[in-house]
Amino acid sequence: MEDPRLHRLANVLVEYSTAVQPGDLVRIAGPPVARELLVAIYQAVLEAGGHPLVQMVPDECEELKLRLGTEEQLRFEDPIAMYTVERIDVSIGVFGADNTKALSQIDPRRQALLSQASKRRMARFLERARAGELRWVGTQFPCHSAAQDVQMSLSAYERFVFRAGLLHLEEPVSAWRLISQRQQRVVDFLNSCHEVRLVTPEGTDLRLEVGGRKWINCDGKENFPDGEVFTGPVEDSAEGLVVVSFPTNYGGRLVDGIRLRFRQGEVVEASADRGQDFLIAMLEQDDGARRIGEIALGTNYAITRYTQNTLFDEKIGGTFHLALGSAYPETGATNQSGLHWDLVCDLRTGGKVFADGQLISRDGRFVDPTWPQPEHMPT
């Protein structure tokens, strides 16, 4: 029996997030476990007049390449994948896996090599997006492995996923447009600021220069669900300590207790209670991996719990996150890397955010009541 919520999600992705037009070449990529959603998106693209191109790769393929591939094979830059990036008008990515920990025994140095193989392709993807030549969005398919990670039943996890995207509402697009208006007020203010400081009781005290950089309103157009505002800080400006609040699942590895000290924009000290070898290997993969490519404030107050899934965790209302590695060119940032690793810090129990010395957020709530607030989220 088909789940009508998946068709509602597919329609939002096609009509709102990427605004597929007649004649658009639309890549739809995801794992076999998300087959039902991939088919629903395919149908929605056809109904919008686009040309859907489905790429569905079994999870086992990446594991086999990492385990059996030679160094040459791991470094190989796929020319077909690059050609696709050059030709598509829209990219819709669906996340999901049968086993989110399948790569946990892989040598992290091999994962770093594979990451480097996609570096040029990622840079070209972001370049086309910045130029307005390519529209994209990524979303999560609610599957058993993701539900197990957060110790929920599948039905409970489905409710969590769809509510985070406001898909329980009859008119989710209208709700996202209202959210966009509130987030734009934050963006307009921050675009006039030169320095941001973020402080948490756990020990985080980070200063970043953002003058001349553009803050972006994330309102369901590139991630879904969404709910954040972000920019790329000045590359050599990061100073201070970051104590990451939550474990992070990256490349099939769970890393916990991360502490990073920045000086003149670079990570000069890095440690983790769990997964430290993997953390160091990711930082050493290229020159840009030790710098911050993104700094963001989470504004989706419909997401209240940590799930080991960055798509949701980085949007939690009352958090901030930074991404090590590649920056988004549309912010004016220039850092490039094969890495883009989002790390989330909780502001909800004593955290503070300052912009040019002015307190703008306390305990995970914006001081300005017209900016996103928990009570604004529709029920």
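# How the helices and strands fit together

Helices α1 and α9 are roughly parallel to each other, because their axes cross at an angle under 35 degrees, the limit for that label (over 145 is roughly antiparallel, 65 to 115 roughly perpendicular, and the rest oblique). Their crossing angle is roughly 25°, and the axes of α1 (residues 4-17) and α9 (residues 154-164) come within 11 Å. Axes here are lines fitted to C-alpha atoms, for helices over the stretch in contact, with angles from 0 to 180 degrees between N-to-C directions. Helices (H or I, at least four residues) and strands (E, at least two) are DSSP runs numbered from the N terminus.

You're looking at a predicted model, where local features need pLDDT of at least 70, side-chain atom pairs need 80 or more, and totals for chains, interfaces and linings use all residues. Residues are numbered from 1 along each chain as its sequence is written, and side-chain values use heavy atoms, leaving out hydrogens and water.

**Helix α1 and its two partners**

Back to the first pair: α1 passes α9 in a left-handed crossing (the near helix is turned anticlockwise from the far one by less than a right angle; clockwise would be right-handed). On the α1 side, Arg 5, Leu 6 and Leu 9 make the contact (heavy atoms within 4.5 Å), while α9 brings Glu 158, Arg 159 and Phe 162. That group splits into three nonpolar, no polar and three charged residues. Nonpolar covers Ala, Val, Leu, Ile, Met, Phe, Trp, Tyr, Cys and Pro, charged covers Asp, Glu, Lys and Arg, and the others, Gly among them, are polar.

What angle does α1 make with α10? It's about 50°, with the axes of α1 and α10 (residues 172-190) 10 Å apart. That makes α1 oblique to α10, and this crossing is right-handed. Here Arg 8, Val 12 and Tyr 16 of α1 meet Pro 172, Val 173, Trp 176 and Arg 177 of α10. This contact has five nonpolar, no polar and two charged residues.

**Strands side by side**

Two strands pair if DSSP finds at least two bridges between them. Here are some of the pairs:

| Strands | Bridges | Direction |
|---|---|---|
| β15 (residues 292-298) and β16 | five bridges | antiparallel |
| β16 and β17 | seven bridges | antiparallel |
| β18 (residues 352-355) and β19 (residues 358-362) | four bridges | antiparallel |
| β4 (residues 135-140) and β8 | two bridges | parallel |

Glu 294 sits opposite Ala 323 in β16, and Gly 325 has His 340 in β17 as its bridge partner. As for cover, seven of the seven residues of β16 are buried (under 20% relative accessible area with a 1.4 Å probe, protein chains only; exposed is over 50%, partly exposed in between).

One open sheet has eight strands in the order β14-β13-β10-β6-β5-β18-β19-β20, with antiparallel pairing. Its edges are β14 and β20 (365-366); each has a single partner strand, so one side of each lacks a neighbour in the sheet. In this sheet, Val 353 faces Ser 361 in β19. Helix α10 packs on the sheet too, touching β18, β19 and β20, and its direction makes about 150° with that of β19.

Another open sheet runs β2-β1-β3-β4-β8, five strands with parallel pairing. Asn 223 in β8 is the bridge partner of Gly 138.

**A helix with buried residues**

Finally, look at α11 (residues 276-283), where Phe 278, Leu 279, Ala 281, Met 282 and Leu 283 are buried. These buried residues pack against several elements, including α6 (108-117), β14 (266-271), β16 (319-325) and β17 (340-346).
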